[in-house]
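Work through the exercises below with the sequence and the structure open side by side. Try each task before reading its solution.

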Amino acid sequence: MTSAFEKLQKHLKQLPGLGFRSSERIALHLLVEKPARLPALVAALEEAARAVRRCTRCGNLAEADLCDICADEKRDRAVVCVVEHVPDLVAVERSGAYRGTYHVLHGKLSPIHGVGPGDLNFAALHARIEAGEVAELILALPNDVEGEATCHYLTEQLPRDR
């Protein structure tokens, strides 16, 4: 294969869930089978890179300072569901049953992997709690050692008068 093809495949392989074969299939699909789709994909990636950022309140994906959920006046801002990643938020939202807001940590504590409290979105959550915005926290983190450690850390950091 060409060096440009191998470079594309290498970058695709770095995406979560894509191994050698999957990245090879996608690269071949875009370059050989459906090359007309490539410019639209490149444009969408460039637009997303320019426009999408983290919500300043909760860490969700947003195109303004606040995401659509934080900006929704009908949401119960006093109830906050803490999740590890944005896809976790999407899964809860898909149920349609939850009408509170969220807080995305963008990971979980993992000393083995060098992830400490300073690496996660704890400061914004702490600020929301200190401002008196939060009456109830729902910890929707994974049931593994790191998830449990993160839950423990969060509960230890909560003000004792609440």
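Two strands pair if DSSP finds at least two bridges between them. The structure used here is a predicted model.

**Exercise 1. Determine how strands S3 and S4 are paired, and find which residues stand opposite each other.**

Solution. Start with the extent of the strands: S3 covers residues 76–83, and S4 covers residues 100–104. Next, look at the bridges between S3 and S4: there are five, and the pairing is parallel. Now read off individual partners. Cys81 stands opposite Tyr102 in S4, and Val82 stands opposite His103 in S4. Finally, consider what links the two strands: helix H5, residues 86–95, makes a right-handed β-α-β unit together with S3 and S4.

**Exercise 2. Give the order of the strands in the open sheet, and explain why one side of S4 and one side of S5 lack a neighbour.**

Solution. The sheet is made of three strands in the order S4-S3-S5, with parallel pairing. S4 and S5 (136–140) are the edge strands and have a single partner strand each, so one side of each has no neighbour in the sheet. Neighbouring strands of this sheet are turned by 30° against each other on average, direction ignored. For the pairing of S3 with S5, count the bridges: there are five, again in the parallel sense. One example is Val80, whose bridge partner in S5 is Leu137.

**Exercise 3. Decide whether S4 and Gly147 are buried or exposed.**

Solution. The cut-off for buried is under 20% relative accessible area. In S4, five of the five residues are buried, so the strand is mostly covered. Gly147 has a relative accessibility of 0%, and therefore counts as buried. To place Gly147, go to helix H7, residues 145–157. The C-alpha atom of Gly147 is separated by 12 Å from that of Val115, and the two residues are 32 apart along the chain.

**Exercise 4. Describe the lining of the largest pocket by residue, by helix and by class.**

Solution. Rolling a probe the size of a water molecule over the atoms shows where empty space is left. The largest pocket has a volume of about 210 Å³. Its lining consists of Leu8, His11, Leu12, Leu15, Leu30, Leu38, Leu41, Val42 and Leu45. Helices H1 (3–13) and H3 (38–51) each supply at least two of the lining residues. The largest share, four residues, comes from H3. Sorted by class, the lining has eight nonpolar residues, one polar residue and no charged residues.

**Exercise 5. What is the phi of His106, and where does this residue lie?**

Solution. Most residues other than glycine have a negative phi. His106 is not a glycine, yet has a positive phi of about 65°. Its place is the loop between S4 and helix H6 (122–130).

Definitions and conventions:
Residues are numbered from 1 along each chain as its sequence is written. This is a predicted model: local features need pLDDT of at least 70, side-chain atom pairs count only at pLDDT 80 or more; totals for chains, interfaces and linings use all residues. Side-chain values use heavy atoms; hydrogens and water are left out. Buried means under 20% relative accessible area, exposed over 50%, partly exposed in between (1.4 Å probe, protein chains only). A crossover is right-handed if, with the strands pointing away from the viewer, the path from the first strand over the helix to the second runs clockwise. On a 1 Å grid over the protein atoms alone, a cavity is a set of points where a 1.4 Å probe fits but cannot get out, and a pocket is an open set with protein on both sides within 12 Å along at least five of seven lines; lining residues have an atom within 4 Å of a point. Grid points are joined across faces, edges and corners, and a volume is the space filled by probe spheres set on the points. Ala, Val, Leu, Ile, Met, Phe, Trp, Tyr, Cys and Pro count as nonpolar, Asp, Glu, Lys and Arg as charged, and the others, Gly among them, as polar. Axes are lines fitted to C-alpha atoms, for helices over the stretch in contact, and angles run from 0 to 180 degrees between N-to-C directions.
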